[in-house]
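Reader: Please pick one part of this model and go through it closely, with angles, distances and contacts. Then place it in the rest of the chain.

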Amino acid sequence: MSQESGPEVDPTVGTGRSARALDEVDRRILAELARDGRTSVRTLAERIHISRTNAYARVERLLRDGVITGFRAQVAPAAAGLGTSAYVAITIEQNTWREVSAELARVRYIEHAALLGGDHDVLALVRAPDNAALRDVVLSRVQSIPGVLSTRTWLVFHEFDGETNPWE
């Protein structure tokens with residue numbers, strides 16, 4: 001199994017086909033790879049009690065179908081020099097989400113952004129070296145994007161992951 005990213009999948013473009021239902025073996029594969037993306041196909045097969053050929057074919061299918069979108073390291077932001085994290089809620093003009101999304105994707109320190117239904121239109125997770133960099137991201141970069149009407153920022157004091165794996 002390659003440790004490189006899988007095929008690029010644009011989530012805004014439909015594939016024209018229904019998603020294939022995952023069976024128990026697929027879910028166990030996803031659980032193992034979510035736990036350790038560096039697991040070899042041999043070890044994966046041993047852990048879930050299937051043949052290496054079957055494991056390899058299933059991982060390849062999950063990659064091809066866009067279920068697995070890649071393999072990456074989990075980085076501790078503070079240890080990597082990004083000690084300030086915040087969620088930024090963004091309100092945008094109607095019908096500008098494509099342009100705003102494209103611009104937000106290019107803003108340094110935005111780790112993740114999601115289009116929402118509700119009081120705000122976009123929620124972005126910003127990881128910056130310090131408060132001054134966070135201020136620059138929000139006040140200079142995000143608020144200068146055409147179509148952005150307003151922002152609201154919440155500082156993150158502590159983060160934790162859930163204790164359960166959704167694929168188990």
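Author: A residue counts as buried when its relative accessible area is under 20%. By that cut-off, buried residues make up 30% of the 168 residues in the protein. The model is predicted, and the values below are computed from it. The exposed surface of the protein comes to about 11500 Å², of which carbon and sulfur atoms supply 49%.

The protein has 5 helices and 4 strands, and from the N terminus on their order is α-α-α-β-α-β-β-α-β. The part chosen here is helix H3 (residues 52-64) with the two helices that it meets, H1 and H2.

Two packed helices are described by the angle between their axes and the distance between the axes. For H1 (residues 24-35) and H3, the angle is about 80° and the axes are 11 Å apart. Angles of 65 to 115 degrees count as roughly perpendicular, and H1 and H3 are therefore roughly perpendicular to each other. On the H1 side the contact is made by Val 25, Asp 26, Ile 29, Leu 30 and Leu 33, and on the H3 side by Arg 58, Val 59, Arg 61 and Leu 62. By class, this contact of H1 with H3 has 6 nonpolar, no polar and 3 charged residues.

The second pair is H2 (residues 41-48) and H3, whose axes come within 8 Å and cross at roughly 110°. H2 and H3 are therefore roughly perpendicular to each other as well. Here H2 supplies Val 41, Arg 42, Leu 44 and Ala 45, while H3 supplies Arg 52, Ala 55, Tyr 56 and Val 59. The count for H2 with H3 is 6 nonpolar, no polar and 2 charged residues. Val 59 of H3 takes part in the contact with H1 and also in the contact with H2.

The loop between H2 and H3 holds His 49. Its phi is near 60°, a positive value in a residue other than glycine. His 49 has a relative accessible area of 69% and is exposed. A comparable case is Asn 95, in the loop between E1 and helix H4 (97-105). Phi of Asn 95 is near 65°, again positive in a residue other than glycine, and Asn 95 counts as exposed at 68% relative accessibility.

Next comes the sheet. It is open, with 4 strands in the order E2-E3-E1-E4 and antiparallel pairing. E2 and E4 (148-155) are the edge strands, each pairing on one side only. From one strand to the next, the twist averages 20°. Helix H5 (residues 131-142) packs on this sheet and touches E1 (84-92), E2, E3 and E4; the direction of H5 makes about 165° with that of E4.

Within the sheet, E2 (residues 110-115) and E3 (residues 122-128) run antiparallel and are joined by 5 bridges. Among the partners, Ala 114 is bridged to Leu 123 of E3, and Leu 115 to Val 122 of E3. The hairpin of E2 and E3 has 6 residues between the strands, and Gly 118 takes a positive phi near 145° there.

For the chain as a whole, consider contacts between residues at least 6 apart in sequence: 70% of them join residues at least 24 apart.

Methods: Residues numbered from 1 in each chain as written. Predicted model: local features only at pLDDT ≥ 70, side-chain atom pairs only at ≥ 80, totals over all residues. Heavy atoms only, no water. Pairing = 2+ DSSP bridges. Axes fitted to C-alpha atoms, helices over the stretch in contact; angles between N-to-C directions. Parallel < 35°, antiparallel > 145°, perpendicular 65-115°, else oblique. Contact = heavy atoms within 4.5 Å. Nonpolar A, V, L, I, M, F, W, Y, C, P; charged D, E, K, R; others polar. Buried < 20%, exposed > 50% of the residue type's maximum accessible area, 1.4 Å probe, protein only. Areas by Shrake-Rupley, 256 points an atom, 1.4 Å probe, with all protein chains shown as cover.
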